[in-house]
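Colleague: Please take a close look at the largest cavity in this model and at the charged side chains around it. I would like one connected account, with the cut-offs spelled out.

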Amino acid sequence: MTDFKRQMVYAAALARILFVPAFPLQANAGLTFSEITVSSYTSDFKPLSPANLNTPGAFEGVIAPTGFKKYDRQAEMVFFSNTFSGLPALAFSGRRGKHGFLILGEYSKLPRIKDEGVFLRSAGVPVRSVTKETYISGPNGASTATYTSDSIDAFRNNTAMLDFFYYREAYKNEFARAGLLAGIPLAWHTYKVSVTLADGLPFDENRSAMGLGASVGVAATFGSNSVQHKGPVCSVFLIYNRIWFGGSGGELSRHLRARLNGFRFGFSAGWRFSSY
């Protein structure tokens with residue numbers, strides 16, 4: 001009888017080992033509903049900010065969320081190669097995506113006239129040329145030095161320009177972008193010339209006129225293009241201007257204002273502001 005009880009105990013233990021893995025839910029049969037963890041909805045929701053939407057590696061280190069995108073803005077000082085003894089031009093630009101604008105304003109001594117006497121004679125104004133001789137004494141005797149000057153009492157030439165450009169991006173990488181420019185320049189040109197002619201008569205002209213024209217060009221900007229980056233930038237410009245002037249003209253007006261047409265090369269330094 002003892003052996004029979006021992007065999008029944010062994011059989012019950014074996015059955016427990018074999019059947020419990022096949023019915024795993026039986027292990028939790030004793031758990032109540034309150035002891036079972038259930039996930040629930042929470043109302044503590046925080047909206048995503050632009051900074052949270054920026055994922056490194058998605059687009060040059062940053063994703064540009066379209067719902068928050070604004071104009072990228074830059075302010076620059078532009079130095080043109082044909083500007084003589086003038087202040088640098090001021091440029092303000094904005095860009096959203098591939099489209100943007102550029103406003104360029106300046107006041108300087110334009111057009112640039114290197115030799116005033118040569119220019120006046122080529123424009124049909126026979127400026128009197130005066131030759132002077134100066135005696136110079138030295139240990140080896142006296143010598144003569146000859147100087148030639150033009151009888152020009154005043155030559156002032158200034159232009160104020162305001163250009164409105166449309167910008168279309170054509171190329172972009174992580175640290176540079178380039179685009180095309182098309183715009184309308186407004187110009188206000190003034191000049192005053194006072195000289196003595198070859199026959200001894202005085203010649204004076206003082207004129208001003210406003211002009212309107214068309215401009216095309218290219219611009220390249222160097223600096224970080226990350227949408228949230230702000231910092232220093234530099235640019236280069238190549239612009240072609242064609243300006244038509246109205247109003248009263250003088251003998252020199254056509255020759256002076258014609259020199260405002262043509263290519264201009266410039267470089268700039270400035271600051272890019274944050275897009276957000």
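Modeller: What follows goes from the cavities to Arg177 and then to the salt bridges.

This is a predicted model, in which local features need pLDDT of at least 70 and side-chain atom pairs count only at pLDDT 80 or more, while totals for chains, interfaces and linings use all residues. Residues are numbered from 1 along each chain as its sequence is written, and side-chain values use heavy atoms, with hydrogens and water left out.

A cavity here is a set of points, on a 1 Å grid over the protein atoms alone, where a 1.4 Å probe fits but cannot get out; its lining residues have an atom within 4 Å of a point. Grid points are joined across faces, edges and corners, and the volume is the space filled by probe spheres set on the points. Three cavities of 30 Å³ or more are counted this way.

The largest cavity has a volume of about 140 Å³. It is lined by 16 residues, and those closest to its centre are Gln74, Ser93, Tyr167, Arg177 and Thr221. Strands are DSSP runs of E with at least two residues, and helices are runs of H or I with at least four, numbered from the N terminus. At least two lining residues come from each of S1 (72-80), S2 (89-96), S3 (99-108), S7 (176-196), S8 (202-222) and S9 (231-245). S1 gives the most, with four residues. The lining has six nonpolar, five polar and five charged residues, where Ala, Val, Leu, Ile, Met, Phe, Trp, Tyr, Cys and Pro count as nonpolar, Asp, Glu, Lys and Arg as charged, and the others, Gly among them, as polar.

Arg177 sits in strand S7. Its side chain makes polar contacts with two other residues from the centre of the lining: Gln74 at 2.9 Å and Tyr167 at 3.2 Å. A polar contact is a pair of N or O atoms within 3.5 Å; within protein, one must be able to donate a hydrogen and the other to accept it, and residues adjacent in sequence count only if both atoms are side-chain atoms. Arg177 is buried but has no salt bridge, and the nearest side chain of opposite charge, Glu169, is 4.9 Å away. Buried means under 20% relative accessible area, exposed over 50%, and partly exposed in between (1.4 Å probe, protein chains only). A salt bridge needs a side-chain nitrogen of Lys or Arg within 4 Å of a carboxyl oxygen of Asp or Glu. For charge, Lys and Arg count as positive and Asp and Glu as negative, with His and the chain ends not counted.

Glu169 does have a salt bridge with Lys98 (3.7 Å, N to O). Lys98 lies in the loop between S2 and S3 and Glu169 in strand S6 (residues 152-172), so this pair ties together parts 71 residues apart in sequence. Glu169 is buried, at 6% relative accessible area, whereas Lys98 is partly exposed, at 43%.

Asp72, in turn, pairs with Arg95 at 3.0 Å, N to O. That links strand S1 to strand S2, with the two residues 23 apart. Asp72 also forms a salt bridge with Arg272, at 3.2 Å between the closest N and O atoms. Arg272 is in strand S10 (residues 262-272), 200 residues from Asp72. Asp72 and Arg95 are both buried, and Arg272 counts as buried at 2%. Asp72, Arg95, Lys98, Glu169 and Arg272 are linked in a network of salt bridges.

Notes. On a 1 Å grid over the protein atoms alone, a cavity is a set of points where a 1.4 Å probe fits but cannot get out, and a pocket is an open set with protein on both sides within 12 Å along at least five of seven lines; lining residues have an atom within 4 Å of a point.
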